[in-house]
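Reader: I would like a close look at a single part of this model, namely the enclosed space inside the protein, and I would be glad if the answer then went on to connect that part with the rest of the chain.

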Amino acid sequence: MKPIRVFDTLSSSQFICTYSGYKPANRHKWGPGVRDIYALHFIVSGKGTLETRNQRYPLTAGDSFMIFPHTEIYYYPDPEDPWEYVWIEFKGDEAERMVAMTGLERDKPVVAACPADLKPYFPEVRGADARPFEKMRTEAQLRLLLSYYVEFYPREAQPIDYVRLAKEYIMINYWRTTLTVSDIVNAVSLERSYLFRLFKEAAGMSVSGYVTAYRIERARELLKSSGLSIKSVAFSVGYKDQLYFSKVFKKATSYTPSEYMTLHGRDEEH
């Protein structure tokens, strides 16, 4: 089966599949050279070698290796027992985050055979004629595949970033009119005063201040281009009271919501 090209699975650069394929046992080799993508390989049978960052890794059936962006690599089959493998290539910020959850690293790009046969989880993807739902399924299949690498080859425990967790919770829940600081504290499971200190040091503002700042930033976006009324914008960013929202908005931006709409070429809608 020839490698298959896949166009962007998302409109952004967060997560993009580029190629996937199956390589039967032969003498194909690649490098030395660099790529600008991640490329995950699973050895189905046979043997081969990966060379990267002044290290040499003998590989055999069941092993996996990752090519990292902009990292020089050279890989080749064993001449007596050439390997057979499947692979998937991908890139994007979201791809980087997911790979970082596994034990695969630039200085440790190889993992030994795992308890499961991972070959069936490597997506067989369509090319330029792929329809939107097929592209979405390809992305979902890749996420499923990477979830097994996170399960079987987890990265060594890292200190929990409580500030990041709090910010993520706020980003997901800012629109809730009932959102409280206590909700955020409970979500990250950390002592209240300790979280407040960490947040202040990292973000330069209090937790409640960050909630307000995030809500106002979202409100600015909606007031500029959404076509929503001020009342709808207020409710969409977590304020039940339009007058209170207007007061908070003006304090943060020096404009009332209606003035801000006019500034950006919109008339107030009721």
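Author: What follows begins with the cavity, then turns to the chain as a whole, and then takes up several individual residues.

The structure is a predicted model, and every value below should be read with that in mind. When the whole structure is searched, one cavity of 30 Å³ or more is found, and the space inside the largest cavity amounts to about 30 Å³. Its lining is made up of Thr-52, Met-66, Ile-67, Phe-68, Thr-71, Ile-73, Arg-106 and Pro-109. By character, five of these lining residues are nonpolar, two are polar and one is charged. Since Arg counts as charged, the charged member of the lining is Arg-106, and since Thr falls among the polar residues, Thr-52 and Thr-71 make up the polar part.

Several of the lining residues can be placed along the chain by way of His-70, which sits in the loop between strand E7 (64–67) and strand E8 (73–77). Met-66 and Ile-67 of the lining carry numbers that fall within strand E7 (64–67), while Ile-73 of the lining carries the number at which strand E8 (73–77) begins. Phe-68 and Thr-71, which also line the cavity, have numbers that fall between those two strands. His-70 itself has a positive phi of about 60 degrees, although it is not a glycine. Is His-70 buried or exposed? His-70 is exposed, because its relative accessible area is 63%, and the cut-off for that class is over 50%.

A second residue invites the same kind of description. Ser-254 is likewise a residue other than glycine with a positive phi, in this case near 75 degrees, and its place is in the loop between helix H8 (242–253) and helix H9 (257–263). With a relative accessible area of 56%, Ser-254 is exposed. A further feature of the backbone is found at the peptide bond from Gly-31 to Pro-32, which is cis, with omega near 0 degrees, and Pro-32 belongs to strand E3 (residues 30–33).

The wider setting is a chain with nine helices and ten strands. For a compact globule of 270 residues one would expect a radius of gyration near 18 Å, whereas the chain has 25 Å, and its C-alpha trace spans about 80 × 45 × 30 Å along the principal axes. Buried residues account for 41% of the 270 residues. The accessible surface of the chain comes to about 15100 Å², and carbon and sulfur atoms contribute 51% of it. Of the contacts in the chain with a separation of 6 or more, 71% are between residues 24 or more positions apart.

Some individual residues give this overall description a more local form. Trp-87 lies in strand E9 (residues 84–91) and counts as buried, because its relative accessibility is 9%, where the limit is under 20%. Between Trp-87 and Ala-130, which are 43 residues apart in sequence, the distance in space is 19 Å from C-alpha to C-alpha.

Val-188 is found in helix H4 (residues 181–188), and at 5% relative accessibility it too counts as buried. Leaving aside neighbours within four places in sequence, Val-188 is in contact with Tyr-162, Leu-165, Ala-166 and Leu-195. Of these partners, Tyr-162, Leu-165 and Ala-166 have numbers within helix H3 (162–173). Gly-92, by contrast, is 96 residues away from Val-188 in sequence, and their C-alpha atoms are 27 Å apart.

Arg-176 occupies the loop between helix H3 (162–173) and H4. At 35% relative accessibility, Arg-176 counts as partly exposed, a class that lies between the limits for buried and exposed residues. Beyond its neighbours within four places in sequence, Arg-176 is in contact with Arg-215 and Gly-238, while the C-alpha atoms of Arg-176 and Glu-201, 25 residues apart along the chain, are separated by 26 Å.

Tyr-148, finally, is a residue of helix H2 (residues 132–152). Apart from neighbours within four places in sequence, its contacts are with Leu-118, Tyr-121 and Tyr-153. Lys-135 stands 13 residues away from Tyr-148 along the chain, and the C-alpha atoms of the two are separated by 21 Å.

Definitions and conventions. Residues numbered from 1 in each chain as written. Predicted model: local features only at pLDDT ≥ 70, side-chain atom pairs only at ≥ 80, totals over all residues. Heavy atoms only, no water. 1 Å grid on protein atoms, 1.4 Å probe; cavity = no way out; pocket = protein on both sides within 12 Å on 5 of 7 lines; lining within 4 Å. Points joined across faces, edges and corners; volume = space filled by probe spheres on them. Helix = DSSP H or I, 4+ residues; strand = E, 2+ residues; numbered from the N terminus. Rg over C-alpha atoms; globule rule 2.2 N^0.38 Å. Buried < 20%, exposed > 50% of the residue type's maximum accessible area, 1.4 Å probe, protein only. Contact = heavy atoms within 4.5 Å. Areas by Shrake-Rupley, 256 points an atom, 1.4 Å probe, with all protein chains shown as cover.
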